[in-house]
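Biologist: Hey, I'm new to this one. Can you walk me through a few spots?
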Amino acid sequence: MSSFIQRMSLVYSCVLLMSLLLIASPSLGDEPISVTPDEALIAASTYKEIGEAQYPEWDGGDLVLLRTYYDLDFEASAYEFCVRKDGKSLGRITIGGNRNLPPLIEYSNGPSPVELGVELGFVPEQARLDVSSGGQWLPIFVGGFDYYMVAPVATSEIVNVVKGDPIEQEELRRFSDDFSARLKSHSSTFSRMWNAALRGNPIALADDYKVLKEAEPYTWYRGCGPTAGTMVLGYYGKAGYRNLDYDAESFLWNGPGGTSTPFIPRELADMVADECGMPREGGRVDDYGTYSGQLGLAISQVAAVHGYKGFQTYVYPDEQDYSIYKDKIDEGDPSVFGITFMDPGPYDRHAIMGLGYNYRNVEAGHLAIVYDTWGYSKNTATMEYFLSYRLMTVYSPLISEQDVEISADSFAFGEVMLGSTASWVLRISNTGAVPLLVNGITCDNSCFSATAPQFPLTIEGGAKSLVNIRFEPDRAGRISGTLTIETDDPDPNEEFCRIELSGRGEDNSPPVISRAGFMGGYISAGQSDNLTVRADVSDPDGDSQISSVTLFIGTLEGIQIGSFEMLDDGQDGDIASGDGVYTKRFWVDSAPAGIYTFEIVAEDLSGAASDVWPYMNISSEAASGNDSFWGQYPGQGEGGDPGGPVIVMAGFENTSISQEGGGELICTAEVDDYLDAGNIDRVELRFGGNFAGIYLTDDGQGHDEHAGDMIYTGGMSLTPGYPAGDYLLEIVAIDLSGLESVAYPYYVIR
């Protein structure tokens, strides 16, 4: 006969599932009630409708009787129907041959075991022809673990169609008698199910269908038990449990009987098989069976190696309560069914994985959706739960532990000027259910540090904490370091989380325009007058490094009107030479009404340019250490009334702002009122013409340095995540009578 591994490799996920389901022998009752082919067709139609929730392609398909199975006394034991549509087979439904069994044995989208046995050479071609023509070879199905072909004239020649080896008829009869005796306690349940299936009316639907979608089928490797256990562990890996998600790889297995090419996460399966004591090569067929308790312990131990010390197993010997299985699926936990071949006991001849249910109501039965451990494809089968197992083991990871998760494993700060700092916000999450303790954060390079919060830090289950990571370069050039987060996560791979950091120190800082504004009166449309623009400019490397300050004038439509050089030479409107206030006075001749924009850029001797005034910049890279400032354009009161408040100069005094790390923005504005300084009611910060909720104050508190100096100050924190770009904010001063200044930073000619 064929080798052991060849026998293993022929069966798709549906094949042995049918064999797990138990067909009665005459010993079940004194007078077993036979089911006719017509009655079986009615029952098959009922379960086809139920199965369409799982296999929508079955809708509109026809049922065709494929073959009849027999017991050892050559009475019909089951009917196998093919679901056919457009000339193509879409699956099969197997119905019990007498009413001491449930009406549904199994339905599947996989092929028939008889056809596979013929295709792979385990069943003689003549046997297949005889099945169709009524010859001497008949398919035998007595329940439990195997399918058989028997020649009635030579009854000793019984061939296992899914293994290819012979078996003694008396051994089959002992199993059939033993199993039949165990079915008697369910006779009333089966009778109720048959009555519902044969009514001819659709069973009322309860929409109670569920499958664990992350479950994957694996081919047999080193035993069905280790394969089923690896399916369970692999499921949790696919569902997000770190270190359990092994990529499947193709490899050769030189086991008993020769070589095959299964497809399974080999490293994970080897660990389970080693814990179960399965041989790595050679061995007898019986060496590859499973003790359920042994398999449960193996899965727990392998999970613990991967950091899941809370992973537990539950073994329910002879458990018939369907709610246990259904509840575990609802909780997201698959199951392992251990199947005994004959006598009750802890040794399982076969193991498969349960991944879902199709439980429309009690009349439809208690249906378990499973993967077998012998197949190459994702064909599933759904079988009657009460006949599918002798021992059920359910594995649950019980995620009640700490589980650290960090927002990134590396970060590049970009260019940061010497003497400046840049920040990045690291997110530490606890995806477990019990508190996570972060003992501390250290770095092997002092240029990087965690500035907040304080450690040790406790993060509750499901919560997160934000940690500010600072980069302060101490030299020019590339700087790197490794940040280490020490936690009490039980996963040995996550107890110390490491983040690679990098940045570049720059010793040439660009100039900074801190504030800008206007001097002189207002200009009405059609009139001519002098207009003076001034800007506070500095350079972190020394003001002598400033090479030029340029003013660009344009319209809101983006049309450039002209450009001028601004100087700090004490001439032509500049108050004092060398005071850092750059000035340009120019003649405005009969300007038309409208809103005009003024932009100022300063450059140093190395060509480094400041941010363009008046825009606040949020960098798409890490903050470079340059302060980003914006200035103002003056405005007069409504209608050009000189009695209204005026914003003379304004700007930003903020730490650098980056898209990733955010930052703090501090705004200042020099405000005047020609009538009375005490006439100012409030100064507002606006964005897009709308009040941003920030008032600038002149009370000497917070960021404001001196009360009553007419320099108003206000601040706000920008959280990480703002889109990168240049932002133009507005400041408006309002006096006690309600008159508003022109929205800073626009210059308006009316």
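**A quick tour**

Modeller: Sure, starting with T555: apart from residues up to four places away in sequence, T555 touches I561, I595, Y596 and T597, where contact means heavy atoms within 4.5 Å. This is a predicted model, where local features need pLDDT of at least 70, side-chain atom pairs count only at pLDDT 80 or more, and totals for chains, interfaces and linings use all residues. Residues are numbered from 1 along each chain as its sequence is written, and side-chain values use heavy atoms, with hydrogens and water left out.

Biologist: Is T555 buried or exposed?

Modeller: T555 counts as buried because its relative accessibility is 17%; buried means under 20% relative accessible area (1.4 Å probe, protein chains only). T555 sits in strand β32, residues 546-555. Strands are DSSP runs of E, at least two residues, and helices are runs of H or I, at least four, numbered from the N terminus.

Biologist: New topic: what's the strand order in the open sheet?

Modeller: The order is β22-β29-β28-β24-β26, with mixed pairing. Two strands pair if DSSP finds at least two bridges between them.

Biologist: Which strands stand at the edges?

Modeller: β22 (410-417) and β26 (457-459); each has a single partner strand, so one side of each lacks a neighbour in the sheet.

Biologist: And how many bridges join β28 to β29?

Modeller: Ten, and β28 (residues 477-487) and β29 (residues 496-506) run antiparallel. R478 has R504 in β29 as its bridge partner.

Biologist: Which residues are buried in helix α11?

Modeller: In α11 (residues 322-330), they are Y322, I324, Y325, K326, K328 and I329. After α11 comes G332, with a positive phi near 90°.

Notes: Buried < 20%, exposed > 50% of the residue type's maximum accessible area, 1.4 Å probe, protein only.
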